[in-house]
2 protein chains.
Amino acid sequence: MNFQQLRIIQETVRRNFNLTEVAAALFTSQSGVSKHVRDLEEELGVDLFIRKGKRFLGLTEPGKDVAMVVDRILLEVGNLKTVAAQFSDTDSGNLTVAATHTQARYALPPAVAEFKRQFPRVHLTLTQASPAEISTMLLEGAADIGVATESLADTDDLIAIPYYTWHHAVIVPQDHPLTAHDSLSLTELAQWPIITYHDGFTGRPRIDQAFAEANLSWDLVMAAMDADVIKTYVQLGLGIGIIASMAFDAQRDQGLVLLDSASLFPASTSYLAVRKGRLLRGYARSFLQSCVPSRKSLLERLGQG
Amino acid sequence: MNFQQLRIIQETVRRNFNLTEVAAALFTSQSGVSKHVRDLEEELGVDLFIRKGKRFLGLTEPGKDVAMVVDRILLEVGNLKTVAAQFSDTDSGNLTVAATHTQARYALPPAVAEFKRQFPRVHLTLTQASPAEISTMLLEGAADIGVATESLADTDDLIAIPYYTWHHAVIVPQDHPLTAHDSLSLTELAQWPIITYHDGFTGRPRIDQAFAEANLSWDLVMAAMDADVIKTYVQLGLGIGIIASMAFDAQRDQGLVLLDSASLFPASTSYLAVRKGRLLRGYARSFLQSCVPSRKSLLERLGQG
DNA sequence: GATGCTTACGATACCCGTAAAGATA
DNA sequence: TATCTTTACGGGTATCGTAAGCATC
């Protein structure tokens, strides 16, 4: 048994049992991959994969158990390297943060700036992705820290730390009739065409929930993944927008008006998340700390004294 | 990085940093061991061991962290093999139970008999050892299950399951003056020379505790590791014995009398223990189950569905 | 016929063990 | 001096990659 075999098992599961892809992903030959799989199966005395002729279709029952343990082993191997790197070169290395557009653009900039100041020798990669992709990246080790409003708190094997709480707000063009109102109601909103976030993005479930609970049908004319797109089309007069309030900047967004609507929609919480059991470099912990300065205990909850 | 290197790191710590011993334990050459250590240190970029000239003295700070992770990796590697073996050959294999004399002789026989009946193809090894040795064996993977009254419940990285509770009892020769008494007191006991268990064996702390709390000094004339030795010398008239009550058998131990003394000493609890994070074969779980039939939940606490 | 897995085979690199040298107690 | 680690070197083996063969879709 060797590490390459374990990596191949893991990658085979991730790549939908296509050994050719696995070989490409691990920068080696198909033939080698094939042999490694056979060798390991022989050594363990059980078939790990369901085969139909020469095709791989999935994991056998023992294969499922083995794959779980393999994941843990490779996770710990990563931790080994992390521990060593932590000592050999404390303040240099890589940090990959995967975040949604909303987070990357409106929440993270201060933390990122602070981080670059504090750790100039760390290469920081800020990857933009959907909440689901962020989950996957964290689980597969492709990212160290994830930031999103959706999906992170529900996933086992992730540790989610509440980051901040915010409300949705309505934006309309400067001359829009709604600007005349003193206070907004959902019923009024529902009478206009609405542009807001896609399913699974930036608190969208809370918008659906608010209208559903009020028993209102609403006219969603467009769904986007980020507030900038929404704002663009609101400005074009396609409809009124519902965005995260922190995405509005009176300075930059001239021609648009933000209408307070904190009371209309339930609050949303954005989360920072890391993979359970994955050791973080010191500077990664600092990054989290600078995002949520008060929560000393939460870092301890990561199991990383 | 490869598994052999990790095994060497682990074994180097266990063998007190003597590479020659490590090589012998792993059935390989010193030179290879030496090179592997250097190679891994080079790959990780940190020294793992404190050296004085060419001698190894201990672990560096990063070495300590690395050694912990290495232990976890190798533990999981063992689990990998266990998982596979579990499927490839369900009811054959090995089971090593490490137990003290008291447990092996007076508590375990029914469970062992039941086990042999149920799993005739499993090779069962019952190793007799001191509580401290049992701990070590469990931690190092040399035993699957440990049984003892002392030390198992206090050790982190072990999961201890209460097995049964018992009391100490006094044994005296048939014609001994104490047999005339209706009820025994500690004060009376303290007037006789006493033979009982060694420190760290079979509830000895509770005996010390009882006398200490009563402010009595007592005359320990002999300390043994098992009840059979104690009984022998009690029979010879060297003193009165304090043993675990289940170690007395009226049939076998003719010439001796058991005096009830449940009220004199605090109750003792014997434990079954397994290494935290170590996967058990199905038959090993059955063994535990047959020892504590009622505690379904405790087996779940082992993290082994 | 295109894609994907297996087998065969030759080159390479890695791992191991012997032996000698150097360091420590 | 005896014990222990390092270095040097040669032999063996496992791993890898190319290429051909064969099954699946």
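**Entry 1: B:Thr196**

I looked up B:Thr196 and found it buried, at 0% relative accessibility. The model is predicted, so I note that side-chain atom pairs count only at pLDDT 80 or more. B:Thr196 sits in strand β8 of chain B, residues 193-197. I then checked where its side chain points. It reaches the backbone oxygen of B:Ile242 at 2.7 Å. I also listed its contacts, leaving aside neighbours within four places in sequence. Among them are B:Arg204, B:Ile207, B:Trp218, B:Leu220 and B:Met222. B:Ile242 appears among these contacts too.

**Entry 2: B:Val112**

Is B:Val112 buried or exposed? I read a relative accessible area of 18% for B:Val112; the limit for buried is under 20%, so B:Val112 counts as buried. The residue belongs to helix α6 of chain B, residues 109-118. Beyond four places in sequence, I found B:Val112 in contact with B:Leu124 and B:Phe287. I also took a C-alpha distance to B:Cys291. The two residues are 179 apart in sequence and 9.4 Å apart in space.

**Entry 3: the sheet in chain A**

I traced an open sheet of 5 strands in chain A, in the order β9-β8-β10-β7-β11. Its pairing is mixed. The edges are β9 (219-224) and β11 (256-259), each pairing on one side only. From one strand to the next, the twist averages 30°. Next I looked at helix α9 of chain A, residues 204-213, which packs on this sheet. The helix touches β7, β8, β9 and β10 of chain A. Its direction makes about 145° with that of β8(A).

I picked out one strand pair for a closer look. β7 (168-173) and β10 (240-244) of chain A run antiparallel over 4 bridges. In this pair, A:Ala169 stands opposite A:Ile243 of β10(A).

**Entry 4: DNA strand D**

Which residues are closest to DNA strand D? I counted 23 residues around the strand, the closest being A:Thr28, A:His36, B:Thr20, B:Ser34 and B:Lys54. By class, I got 4 nonpolar, 12 polar and 7 charged residues. α3(B) gives the most to this surface, with 4 residues. α3 of chain A and α2 and β2 of chain B each supply at least two.

Of the atoms of strand D within 4 Å of the protein, 66% belong to sugar or phosphate, and the rest to bases. I checked individual distances next. The side chain of A:Asn2 has an N or O atom 2.9 Å from a phosphate oxygen of strand D. A polar backbone atom of B:Leu19 lies 3.0 Å from a phosphate oxygen of strand D. For a base, I turned to A:Arg55: an N or O atom in its side chain is 2.8 Å from a base oxygen of strand D.

**Entry 5: DNA strand C**

I repeated the search for DNA strand C. It is surrounded by 22 residues, and the closest are A:Ser34, A:Lys54, A:Arg55, B:Thr28 and B:His36. Sugar and phosphate make up 71% of the strand C atoms that come within 4 Å of the protein. The classes here are 4 nonpolar, 11 polar and 7 charged.

Which element gives the most to the surface near strand C? I found α3(A), with 3 residues. α2 and β2 of chain A and α3 of chain B each supply at least two.

I noted three phosphate distances. B:His36 has a side-chain N or O atom 2.4 Å from a phosphate oxygen of strand C. For B:Ser29, a polar backbone atom is 3.0 Å from a phosphate oxygen of strand C. For A:Phe17, a backbone N or O atom lies 3.4 Å from a phosphate oxygen of strand C.

Definitions and conventions:
Residues are numbered from 1 along each chain as its sequence is written. Chains are lettered from A and ligands numbered from 1 in the order in which they are written. This is a predicted model: local features need pLDDT of at least 70, side-chain atom pairs count only at pLDDT 80 or more; totals for chains, interfaces and linings use all residues. Side-chain values use heavy atoms; hydrogens and water are left out. A residue is near a molecule or strand if one of its heavy atoms lies within 4 Å of it. A polar contact is a pair of N or O atoms within 3.5 Å; within protein, one must be able to donate a hydrogen and the other to accept it, and residues adjacent in sequence count only if both atoms are side-chain atoms. Ala, Val, Leu, Ile, Met, Phe, Trp, Tyr, Cys and Pro count as nonpolar, Asp, Glu, Lys and Arg as charged, and the others, Gly among them, as polar. Two strands pair if DSSP finds at least two bridges between them. Axes are lines fitted to C-alpha atoms, for helices over the stretch in contact, and angles run from 0 to 180 degrees between N-to-C directions. Contact means heavy atoms within 4.5 Å. Buried means under 20% relative accessible area, exposed over 50%, partly exposed in between (1.4 Å probe, protein chains only).
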